[in-house]
Every structure is written in C-alpha cells, then in structure tokens.
Amino acid sequence: MSQFPIPRRLTVPEITSRKGKEPIVSLTSYHAHTAAIADRYVDFLLVGDSLGMVMHGFESTLPVPLDLMILHGRAVMRGARRALVVVDMPFGSYEESPQQAFRNAALVMKETQCGAIKLEGGKRMADTIHFLSERGIPVMAHIGLTPQSINILGGFKTQGRTREQWAIIEDDARSVTEAGAFAVVLEAVAEPLAAKITRDVPIPTIGIGASPVCDGQILVMEDMLGLSPRVPKFVKEFGQVGAAIENAIRSYAEEVRARSFPAPSNTYELKD
Ligand code: KIV
C-alpha cells in the first residue's frame, strides 16, 4: 500500500457530473509553472497538441510527435495537483486502428500519469473511442473544427454556419457519446448548433469558439494571456503578457548596456 499522500485530483466522473449544473473551466497548459498557477482556478488542464504551434513554432499541429506530448504532459502533471490533466493524442498516433490508439494512449497514460486523453474526430473515431473506454482509457472527443484535418477542411474554418452542415456534426456528437466519450470539445461551431448539441447529448460540451451555451469553456493559455501574435475572433485576451515580457527584456538589455545591472544588491561580496 502507498505510504505517500496522493494529491486529490478531479476525476473524469466528477467532470461528467457537472453537465447542466456548474460551468466547467479549463485551459491548455504545456509547462509546469503555469500549470501550477492555473491549477488553482481550473477543473481540467489540457496538454493540447496546439503546443506544436504555440511553443515550437510549427505552422500546424500536424508535425507534433508523441514523445513531445509525453514530455509536456509530465511537466504539467508535476505542476498541477488538483486539476484533471488530459493529454492530446497527436496526428498519426491513433487514427490507424483501435489497437494503435490503445498502444499509444496507454503509453501516454503510463508515462505522464494523466487522467484522460483527447482525440479528434467524430463518427469515424467511434469504434476507437469505444475500444479505449472499455479498456480503462477515458476519452475526451473533439469535433467541429478539428485542426489535425486542416488539409481536408481547407483551413481553420468555423463549422456549422449553414444548416446543411448540421446533420454531420450532430451525428458526430451522438456517435462519440454513444461510444463512451466522457466529454466533447466543440471547436469553432456556430452558436445555434452548439446549443442544440449541448441540449441533446448527456455528456459535457466544452466550447472553444462555440459560444457560452456549452457546459464548459477552454482556451489556449498563451492566447488568453496575450502572448500569441495572432488570435482567432473567439479568443478574449484577459492579459497582456507578451507586452510585459517585451518591456522586461527591453529594460534588461538597456541596463546591461548601461552597466547598471547587476546592481550591488545582485552582486556577491567577499565574506570577510
Ligand atoms: O490542442 C489544443 O489546444 C486543443 C484545444 C484547441 C481544445 O485541442
């Protein structure tokens, strides 16, 4: 039996039971120290594959390898003690078969000790979601705008803006729910469709660009902090961290050039 105190984290059933009761608050996180701050305020943290674009400067999420997700997943698990941590499955690590998905998702869970994984895709991923959930891997689904499919979608485009598109997205929501997903991310989905899905499915909908009707909200942390050079319309910048970083670096450079930093208070003297 373990002798070490195990931090009390929010569980998958606790997140699911919030449906229709209390809004679910979440952010992406890739980094131990910001995870520790966010942990005091959010219900779950997503180690999203957006880290490829936000942290590593890729143009899309497609190049992100599994080992990068594991590395950042471990960092976030070290920083967060209370929030449920969900790790994204990157492109190419789960789509081939339920068996491939299980192998890689189990590796992610063993290596990071996260509480759940997320994968993109609706009806086409239903068998995989069922396979994983039956074998002890909680799955958060992700439908609407699925960034790993931008080459098919033709870009980062809002989904469900015309009623003809609704049936497919509604079918995706129903399929992932019946397959056993514990929650579903709705990304860049028009409000009336997000409202209908949120009413119709018994699992929480987590919106990102899907209006306040969803059961919860998620944003990319760097976007809401004001650290990303460009953000979509659905992002509100709650801080101006990019400007604060630039001011700090400018002051540092000026003080080094003026030889006013390091000051005596930053300098070691002899002891005697
Ligand atoms: O990777 C990510 O950050 C995500 C969110 C946009 C939900 O999947």
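The legends below describe close-up views of a predicted model.

**Figure 1. The residue shell around the ligand in the predicted model.** The ligand is surrounded by T28, L46, G48, D49, S50, D88, K118, H142, E187, I208 and V220. Sorted by class, this shell comprises three nonpolar, four polar and four charged residues. The space that the ligand takes is the largest pocket.

**Figure 2. Polar side-chain atoms facing oxygen atoms of the ligand, with S50, K118 and D88 in view.** For S50, a polar side-chain atom lies 2.5 Å from an oxygen atom of the ligand. For K118, the separation between a polar side-chain atom and a ligand oxygen atom is 2.9 Å. In the case of D88, an N or O atom of the side chain is 3.2 Å from an oxygen atom of the ligand. Taken alone, the ligand exposes 260 Å², and the protein buries 96% of that area.

**Figure 3. T28, a residue of the ligand shell, and its contact with M221.** T28 belongs to strand 1, which spans residues 24-28. The relative accessible area of T28 is 3%, which is under 20%, and T28 therefore counts as buried. The side chain of T28 reaches the backbone nitrogen of M221 at a distance of 2.9 Å. T28 is also listed among the residues around the ligand.

**Figure 4. L186 in strand 6, shown together with V139.** Strand 6 covers residues 183-187 and includes L186. L186 is classed as buried because its relative accessible area, 0%, is under 20%. V139 stands 47 residues from L186 along the chain, and the C-alpha atoms of the two residues are separated by 14 Å. E187, which is within the residue range of strand 6, is one of the residues around the ligand.

**Figure 5. P204 in a loop, shown together with I15.** P204 is located in the loop between helix 9 (191-200) and strand 7 (205-208). With a relative accessible area of 0%, which is under 20%, P204 is therefore buried. In sequence, P204 and I15 are 189 residues apart, whereas their C-alpha atoms are 7.9 Å apart in space. I208, within the range of strand 7, is among the residues around the ligand.

**Figure 6. Q113, a residue with positive phi in a loop.** Most residues other than glycine have a negative phi. Q113 is not a glycine, yet its phi is positive, near 65°. The loop that holds Q113 runs between helix 5 (98-112) and strand 4 (116-120). Q113 has a relative accessible area of 61%, which is over 50%, so Q113 counts as exposed. K118, which falls within the range of strand 4, has the polar side-chain atom at 2.9 Å from a ligand oxygen atom.

**Figure 7. Backbone geometry at R259 and P262 in the segment after helix 11.** R259 lies in the segment after helix 11, and P262 is placed in the segment after this helix, which covers residues 241-257. R259 is not a glycine, but its phi is positive, at about 55°. The relative accessibility of R259 is 76%, which is over 50%, and R259 is therefore exposed. Most peptide bonds are trans. The bond that joins F261 and P262 is cis, with omega at about -5°.

Technical notes: Residues are numbered from 1 along each chain as its sequence is written. This is a predicted model: local features need pLDDT of at least 70, side-chain atom pairs count only at pLDDT 80 or more; totals for chains, interfaces and linings use all residues. Side-chain values use heavy atoms; hydrogens and water are left out. A residue is near a molecule or strand if one of its heavy atoms lies within 4 Å of it. A polar contact is a pair of N or O atoms within 3.5 Å; within protein, one must be able to donate a hydrogen and the other to accept it, and residues adjacent in sequence count only if both atoms are side-chain atoms. Accessible areas come from the Shrake-Rupley method with a 1.4 Å probe; for residues, only the protein chains shown count as cover. On a 1 Å grid over the protein atoms alone, a cavity is a set of points where a 1.4 Å probe fits but cannot get out, and a pocket is an open set with protein on both sides within 12 Å along at least five of seven lines; lining residues have an atom within 4 Å of a point. A molecule sits in a cavity or pocket if more than half of its atoms lie within 2 Å of its grid points. Ala, Val, Leu, Ile, Met, Phe, Trp, Tyr, Cys and Pro count as nonpolar, Asp, Glu, Lys and Arg as charged, and the others, Gly among them, as polar. Helices (H or I, at least four residues) and strands (E, at least two) are DSSP runs, numbered from the N terminus. Buried means under 20% relative accessible area, exposed over 50%, partly exposed in between (1.4 Å probe, protein chains only).
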